[in-house]
Amino acid sequence: MIDYDILLNKSVKDIKPSGIRKFFDIAETMDDVVSLGVGEPDFPTPWNIRHAGIRSLEQSKTRYTSNKGLDLLRVEISNYMKRKYSLSYAPDSDVLVTVGGSEAIDMCIRAIISDGDEVIIPQPSYVCYEPITRLSGGVPVIIETKAENEFKVTAEELTSKITPRTKMLILPYPCNPTGAIMEREDLEKIAEVLKNTNILVLSDEIYSELTFGGKKHVSIASIDGMAERTVVVNGFSKSFSMTGWRLGFACGPKELIKHITKIHQYAIMCAPTTSQFAAIEALKNCDEAVNNMLEEYDARRRIIVKGFNDLGLTCREPKGAFYAFPSIQSTGMTSDEFCEKLLISKRVAIVPGTAFGQGGEGFVRASYCYSVAHISEALKRIGEFLKEIKG
């Protein structure tokens, strides 16, 4: 018989499955589950975006595009980045259209990281950075961000982690799962640390449109001297409620984008054509729809944060993305134990903070991209659970 254990790549065998999926898989076997687990907008894709996709199909625009993406889409991405974040990218050389932001992250890490190279990763953060680094032969170097610093990366923490092997810093802000953002003054301090190094920044800005309290997103690429050492990853899933369309993009120095595109060329060919035509419409004509969704998220954000704090689970105000990250330390349980018992006893699905790195121990992630009624029901059940465990 064939021995699959010998066949498999050791790096793949060593990767742990996503901690997020564990709870979804359990929840799918149960009835009457109220989930705050999925980071997916509950809004339909705006109709004019859908119509643009449908129209492209009706016009038989179903062939491959160029590897880099439709010329017009890259022009609109360039216009969007200039208009929103004061970033200048040449559409023909500095922009690559990808299959979601996830592909852009993967391709960027693979293009830069070789065996033994170190990648600095703040955690808690999105689950893909560490395994992709390991698959590329790299060594993840973790900064455990702290609640008392609002889960931001500090210049001091960054400095302490840099070695001669450091090749990349990943900046995942606005942050999934903590809701943290990095403001201009924070980024300027990070830039000061990096300015005389040969370290690249991979800035995952997929939640850039989702910031609250009058705080507009600032890209580290807009800080003096950082554009030449930053690849910005963004996409359409979160801001435009286009998760299933699977479309993202990477913007950066042409010398880097050229090599990232080579990997994309062989692994993917091009992003979905229909999605690309729809995305052109999103960038040109959907500011109002995005703002309307942002207002609704903000209302839900205030409800869920107040709800957790009223229940005695300390929850800092998330200033970006659409997640609350309350502390469950007062219960004396681990994050996994809390989420498992809550799911089994009260049919509420949330995600343990440890799914996003060991620095997430003592916290849980609850998404507020659900209706107010849905959030309220979840909070009611969590309140009942807390009363029961206190006896």
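Let me start with helix α6, residues 100-112, in this predicted model. At 1.5 Å a residue, its 13 residues should span 18 Å, and since the end C-alpha atoms lie 19 Å apart, the expected and computed spans agree. If you follow the buried positions along α6, you will pick out G100, G101, E103, A104, I105, M107, C108, I109 and I112.

What does α6 pack against? One partner is helix α10, residues 254-267, with the two axes 9 Å apart and an angle of about 115° between them. Angles of 65 to 115 degrees count as roughly perpendicular, and α6 and α10 are therefore described in that way. The crossing itself is right-handed. On the α6 side the contact is made by E103, M107, C108, R110, A111 and I112, and these meet L256, I260, I263, H264 and A267 of α10. Sorted by class, the residues of this contact comprise 8 nonpolar, 1 polar and 2 charged. You may notice that E103, M107, C108 and I112 take part in this contact and are also listed among the buried residues of α6.

Now to helix α5, residues 71-85, where the same check on length can be made. Its 15 residues, at 1.5 Å each, should span 21 Å, and the end C-alpha atoms are indeed 21 Å apart, which agrees. The buried residues here are L73, R74, E76, I77, S78, Y80, M81 and Y85. Which elements do they pack against? The buried residues of α5 pack against the strands β2 (95-98), β7 (230-235) and β8 (248-251), and also against helix α11 (273-285). Just after α5 comes S86, which takes a positive phi of about 60°.

The second helix pair I would like to show is α3, residues 19-27, with α13, residues 335-346, whose axes come within 11 Å and cross at roughly 15°. That angle makes α3 roughly parallel to α13, and their crossing is right-handed. The residues in contact are K22, F23, I26 and A27 from α3, together with D336, C339, E340 and L343 from α13. By class, this contact has 5 nonpolar and 3 charged residues, with no polar ones.

Two residues of this pair deserve a slower look, one from each helix. A27, in α3, has a relative accessible area of 12%, and is therefore buried. Leaving aside residues up to four places away in sequence, A27 touches V33, L343 and A349. Its C-alpha atom is separated by 18 Å from that of C369, which is 342 residues away along the chain.

On the other side, C339 belongs to α13, and with a relative accessible area of 1% it is buried. With residues up to four places away in sequence again not counted, C339 touches F23, I350, V351, P352 and V364. The C-alpha atoms of C339 and K84 are 38 Å apart, and 255 residues separate the two along the chain.

Finally, is K10 buried or exposed? K10, which is found in helix α2, residues 10-14, has a relative accessible area of 56% and is exposed, because the cut-off for that class is over 50%. The C-alpha atoms of K10 and L135 are separated by 9.3 Å, although the two residues are 125 residues apart along the chain.

Conventions
Residues are numbered from 1 along each chain as its sequence is written. This is a predicted model: local features need pLDDT of at least 70, side-chain atom pairs count only at pLDDT 80 or more; totals for chains, interfaces and linings use all residues. Side-chain values use heavy atoms; hydrogens and water are left out. Axes are lines fitted to C-alpha atoms, for helices over the stretch in contact, and angles run from 0 to 180 degrees between N-to-C directions. Helices (H or I, at least four residues) and strands (E, at least two) are DSSP runs, numbered from the N terminus. Angles under 35 degrees count as roughly parallel, over 145 as roughly antiparallel, 65 to 115 as roughly perpendicular and the rest as oblique. A crossing is left-handed if the near helix is turned anticlockwise from the far one by less than a right angle, and right-handed if clockwise. Contact means heavy atoms within 4.5 Å. Ala, Val, Leu, Ile, Met, Phe, Trp, Tyr, Cys and Pro count as nonpolar, Asp, Glu, Lys and Arg as charged, and the others, Gly among them, as polar. The expected span of a helix is 1.5 Å times one less than its number of residues. Buried means under 20% relative accessible area, exposed over 50%, partly exposed in between (1.4 Å probe, protein chains only).
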